[in-house]
Amino acid sequence: MEKIMHKPMATTGLPAIGWSRRLLSWEFFLLLMTAVVFGLNSLASPYFLDPWNLSDATFNFVEKAVVALPLAMLIICREIDLSVASIIALASAAMGFAAQAGAGTELIVLAGLGVGLLCGLVNGLLVTRFEIPSIVVTIGTMSLFRGLTYILLGDTVLKDYPESFAYLGQGYVYWVFSFEFVLFGVLALLFYGLLHRTNFGRRTYAIGNNPTAAFYSGINVARHRLILFVLVGLVSGLASVLLTSRLGSTRPTIALGWELSIITMVVLGGVSIMGGAGTILGVVIAVFLMGLVTFGLGLLNVPGIVMSIIIGAMLIGVIATPVLLKKFKGRKSAP
Amino acid sequence: MKKMLQNREILLAVLILAMILLVGMITPDFLLPSNLLAVYNDTSILIILALGQMLVILTRCIDLSVAANLALTGMVVAMLNSAYPALPVPLLMAAGALLGLLLGIVNGALVWKLGIPAIVVTLGTMSIYRGLVFLLSDGAWVNAHEMSASFVSIPRATVLGLPVLAWVSVLVIVIMVHFTRQRRLGREIYAAGNNPTAAFYTGIQVGRLQFVAFSISGLLAGLCGYLWVSRYAVAYVDVAAGFELQVIAACVIGGVSIMGGIGTVQGCVLGALFLGVINNALPVLGVSPFWQMAISGAVIVIAVIANSRAERKVGRIILKKAALHAG
Amino acid sequence: DSVRIGLVVKALGIGFFEAANEGAQEAAKELGDVEVIYTGPTSTTAEGQIEVINSLIAQKVDAIAVSANDTDALVPILKKAQQRGIKVVSWDSGVAPDGRQVHLNPSSNALIGEMNVKLAAEAVLASGAEQGDIAILSATPTSTNQNIWIDEMKKVLPQYPNLNLVTTVYGDDLADKSYRETVGLLKSYPNLKAIVSPTSVGIVAAAQAVHDQGRAGEVFVTGLGLPSELAGHVDSGVVKSFAIWNPIDLGYAATMISYNLVKGSATDSSVGMGRIGTASLDADGSAAMAEPFIYNASNVHAFADIF
Amino acid sequence: MSDSNPLFSLRGVSKSFPGVKALDQVQLDLYPGQVTALIGENGAGKSTLVKTMTGIYQPDAGELRFRGEAICLDTPDAARQLGITAIHQETVLFDELSVTENIFAGHYLTKGRFKQLDWDAMHARAGQILQDIEAPVDPQTRLKYLSIGQRHMVAIARALSFDAQVVILDEPTAALSHHEIEELYAIVRRLKQAGCAIMFISHKFDEIFAIADRYTVFRDGCYVGDGRIDEIDEAGLVTLMVGRTVEQVYPKASAEIGDTVLQVKQLSHPTEFDDISFELRQGEILGFYGLVGAGRTELMQALFGVSKGVQGRVEVGQQRVDIRSPADAIKAGIVYVPEERQAQGTVQEMSIFQNISLPQLSQINRSGWLNEEAEYALADTYASRLQVKAPDWREKVGNLSGGNQQKVVIGKWLATQPRVIILDEPTKGIDIGSKAAVHAFMSELVQEGLAVIMVSSELPEVMGMADRIIIMHEGQAVSEVARHEFSAERIVSAASGG
Ligand SMILES: Nc1ncnc2c1ncn2[C@@H]1O[C@H](COP(=O)(O)OP(=O)(O)OP(=O)(O)O)[C@@H](O)[C@H]1O
Ligand SMILES: Nc1ncnc2c1ncn2[C@@H]1O[C@H](COP(=O)(O)OP(=O)(O)OP(=O)(O)O)[C@@H](O)[C@H]1O
Ligand SMILES: [Mg+2]
Ligand SMILES: [Mg+2]
């Protein structure tokens, strides 16, 4: 027995927890890619290295990135939400009506957040009460929420937003730092804290790794998942606030098709779609990586659909690389 | 369970009939046999794709790339036809199916050989395939007058009262029934999805079957590429955009379990028909276009809740008296 | 230093806009010192267009000429572009006045509406009836252009007592949905004589559906479409006639207007459009290019090779 | 007898898992027409060997010979081609498929040129086999409607459906009643006569002496000896198995029996168990014995708040408690060390200290923010006390051996300071060192005033450790015996429904 127990353990300076060690190297890999893309971009376009241009570029992805944060937690917890973009639309409609009714900015924001939260609650209840796989539930609510938006809005445009509302999606806090971007930074820190520094985060990993064992350890798994769905809904509501303010108007097609690019960000960030693994840092880096790739290609006027080929290939390539490396290594070390 | 499952499918069939009758009460013409055939014909492509998707879901995977696959093969076939109008249509169909198969093989190989989760793989290939349509066509359309007469007319030619398009789907259904019941490979797909460990113990290679399922799904998507393009007599980048979700919804409504191992051809076909009838009835009923999406969303949610009841694990039954009840 | 103009379309891969690009390139060649950057999002969304416009702003182009997916949602970003000294023109599908300096309508909206009704009336006559039902197959319920034109059509309709507009349906610019909606129309309204589709995806799908339902000759499809996409359906007789303005001219004119704005050779009331002439601007900066042109069996093939 | 050549033999076979060397240079010979019993304590590596012999695991080293020729079993299919078939310890079958299909999965019968599946033939053949082994099961029912015992019969039928040369039975009798066991013996004899080589794994000596011709003994993953069964007796086997005398194995220490802590009244579940009442006192070890599938685990899970639809009354320290979830149970002072360690007991990807602190994160980190030092200190207290062997409490639980994982689970619960601890098969599949440690620890616990419920399918273990035994059969508590009345015959016969 002794000889088994005292096998040499790889105890590095890093916390000796297997998964975090693996993920740290993943993040390093992502960071490296981001640096390479940054370098290539600055070589390829003279317009790239301009603070204002970089700042403008962030508008293209921060709203999605904001949703990616709670969605990462949900996916770590072995669930998924495909309805986020539809929640954004429905929340935007609610804000539009609030604005039309003469509500002030605070109230409008509240309406958006409230509807987002409610949508998250609906998803969460359907998943936890009826024990239906979330991918199926949210395929349904994806149509349902956007459908409701169509019913509510029809072909009208809601655009009576007060002046002060515009700040949220268009204003700057300091120099080139937009309100949206700063908010994303703050949220990233908050979610980093929530996932990596609190009981709640620890439970999220525990459930994602082994829901049964987590349940047997006295964790209320259903409630935890419900809370995460609500959180995703709420933050989608927030993203809706930002997006609506940036566009200055609401239509039912708002944020159409965003769900897949948000999930792509999360997966690219090293969050395992099977649950249990992933970090906020990884997601944040992936967000910037994707943002830089699309902005860089945009400066070269590469059509968006070609970019999507590149993003798709990047997604598969990045996930496949560690697997391939392992295979290759395994082959080399074999006699 | 057998009884219950049949019940569920019968329930679905009854629901579809009720829906048809209801629509018929408002618009009697809807009940004409010719119209019902037309509705079936209109649903054919969805049925074919849903059957391919079912196999993939049975093995605990998902294929998000079917619609993009369809768009790409459709574009290739249409471009081939407009460049070489002399090529016989059956050859083009075969080419489409073959290309679709190839695209499915790419998905399957990534899942099997690299063990990347199917949802990640097909999320990626979905963008890639769709992007390739653009690169290939340079964004241009292939229009009706650029297609040869036979290319456009074959799927609509009526044989024994039914358009060829519908016949193709009937053929696919028959083959799939045979495949899932009478072929070793088909049965092994169920086994692999139901319990991968047990499957491995019995010498069934789960990864290989996932590969097979993806390949078949790809092949059928390729076949549909031609059918779609010729039916609507136009090919462009956005063909069937977002259709993958309808396909998955058809499976889910038809009782295919997203957890794998459960699902039947008849259920899947009924699920597709359910959506098909709704899609065809709403315009006829003059339901406000703004309501249509919410209605189909609500239908999916309700169907899924109903299925979750039927699918609930029975667990072991230790007590004799309880066993009698369940039996 | 050449003038760089970003030509932003609703989405890449639409024949109409490809043709507009041809016109823009023609203008660029004619002017000599112009570089046209032809770009657009993957699908017809405002968010996608904003992303594209963002990168044009970053490249410090001199002008942006955009056919908008959303009248209002583009306003903030286009305002920003203007603040950075970029001239903004909207064409085809407009942007609210705040977001642009000039809007170039392909034609006057009233004229387009009237034209569509006139075509429908011709179609009804062609079917051999004195009067009959007509229906509209539009794009999405939120398409700005289509909604304006449909409104204009409804204004003109009372002058045509023999036309009875039964309904408006939406095919979302998806071939399959438009097809299904058309089939629905044919089923629900047996007396239908004409379907008017003021959108190029819809008109093609509707024509195909009418043909497949064996109703060619009874029901005619008309509206706005491209000769290249409709030539086949004119041949098959489902489409008698349809209209469209010349997209090449439209792209050409938009480029010319952008150039003139950059060069400062435009006034508040008029701006030059090169070979097409001079556009006169109304109070909020809108201009109309030309009357829509009608295509039928006699001329469709000649144009099918062009756009 | 051993003059004939072995049909299947292994030499120097080793197999390691992360943290465990399950097989270390073992050897084994199976002869045609003979039954070889493979004997060893829990965790000795028997099932691992079975999986190595059937192509499920690939050995790290060593040689497999079939009819004298070296073979490589790289897939389960390769083993089947040679006629090597096994009934595994855990019945790995397909819930959603029919009995027939469970029997024929992987080697379907086909007909015609196009190899269409021949369901009629398969149903008929399945019915035939099931009838032969006197298992009254309709071949067309879905497996999920069968009881554990019936499932085992299906697994046996599956093994018999092959043209088998080598048949391996890994604890096939654990879930079977007396009658069914007799049937099994008859089958084994028939196979013997047909010239098959049979390997039989069991913990029950009466069975081994009744049916085996030869024996092979493993201890801790090592081969320790083999020979003819008629040349050894039970004591000799036990000595080989455990390497010491029997008396030392169960360190039962007497503890003061105090007040009643847990009272269960008429607990019932719609399908799993019925009308169970018992009480448990401080300092007492209450054993639950029964065949596999008797419903003990279900009962314990009900007490722990896992199952739904349970009726009845539970009192902890005279107070009625309403247990609807594990969280309620933990609050009431009842904790449960599950049978399925990997699936239910531990979060394998997390560290030791994170596993130990998991049930009481909110108590340790009251603010909601993690305080890893406090968690680590808590884990240190219990993991040290239980002598978990790991370089650091930051080690991933998945990297530990089974026994140490079990200690982590126990430590996790002790840290919550419970009143009642339920141990479900606490020594299943763990090495002998850990096993003794767990037993010693149980004694310590009761001496400290805890009340212990121990579910076990090992008769010596329950008899060695328990103060009282409740015997379950088909979801009912059929008998209760106090320590001074313990008799193996009585307990076994009650468990088999006699
Ligand atoms: N898949 C696995 N991963 C890690 N360790 C394993 C695995 N399978 C078995 N082990 C370990 O290998 C050792 C031998 O296990 P095995 O199941 O072969 O024992 P056994 O002799 O069959 O015991 P039992 O009598 O309880 O069935 C044990 O320590 C067990 O925990
Ligand atoms: N649905 C199932 N299908 C097959 N086996 C199962 C199922 N559920 C549980 N088992 C297995 O059946 C065995 C016994 O079931 P149960 O817990 O009801 O009886 P028990 O009396 O506790 O038996 P034991 O504790 O000896 O396993 C367990 O090993 C468990 O893993
Ligand atoms: Mg074993
Ligand atoms: Mg048990």
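The following exchange concerns chain C and the contact between chain A and chain C in a predicted model.

Reader: How do you know how confident the predictor is in chain C, and where is that confidence lowest and highest?

Author: On a scale of confidence from 0 to 100, chain C has a mean pLDDT of 89, and 100% of its residues reach 70 or more. Within chain C, confidence is lowest in strand β12 (residues 278–280), at a mean of 83, and highest in strand β3 (residues 63–66), at 95.

Reader: What makes up the contact between chain A and chain C, and how many residues does each chain give?

Author: With heavy atoms within 4.5 Å as the criterion, 33 residues come from chain A and 27 residues from chain C. Between them the two chains bury about 2,500 Å², of which 49% lies on carbon and sulfur atoms.

Reader: Why is the pair A:R251 and C:D70 called a salt bridge?

Author: The closest N and O atoms of A:R251 and C:D70 are 2.5 Å apart, and the term asks for a side-chain nitrogen of Lys or Arg within 4 Å of a carboxyl oxygen of Asp or Glu, so the pair is a salt bridge. The count between chain A and chain C is six salt bridges, and there are also 19 residue pairs in polar contact, both residues being at pLDDT 80 or more.

Reader: Which elements of chain A give two or more residues to the side that touches chain C?

Author: They are α3 (51–58), α12 (221–247), α14 (280–299) and α15 (304–333) of chain A, and α14(A) gives the most, with four residues. The residues on this side of chain A divide into 16 nonpolar, 11 polar and six charged.

How values were computed. Residues are numbered from 1 along each chain as its sequence is written. Chains are lettered from A and ligands numbered from 1 in the order in which they are written. Side-chain values use heavy atoms; hydrogens and water are left out. Buried area is the accessible area (1.4 Å probe) that two parts lose on being put together, summed over both. A polar contact is a pair of N or O atoms within 3.5 Å; within protein, one must be able to donate a hydrogen and the other to accept it, and residues adjacent in sequence count only if both atoms are side-chain atoms. Ala, Val, Leu, Ile, Met, Phe, Trp, Tyr, Cys and Pro count as nonpolar, Asp, Glu, Lys and Arg as charged, and the others, Gly among them, as polar.
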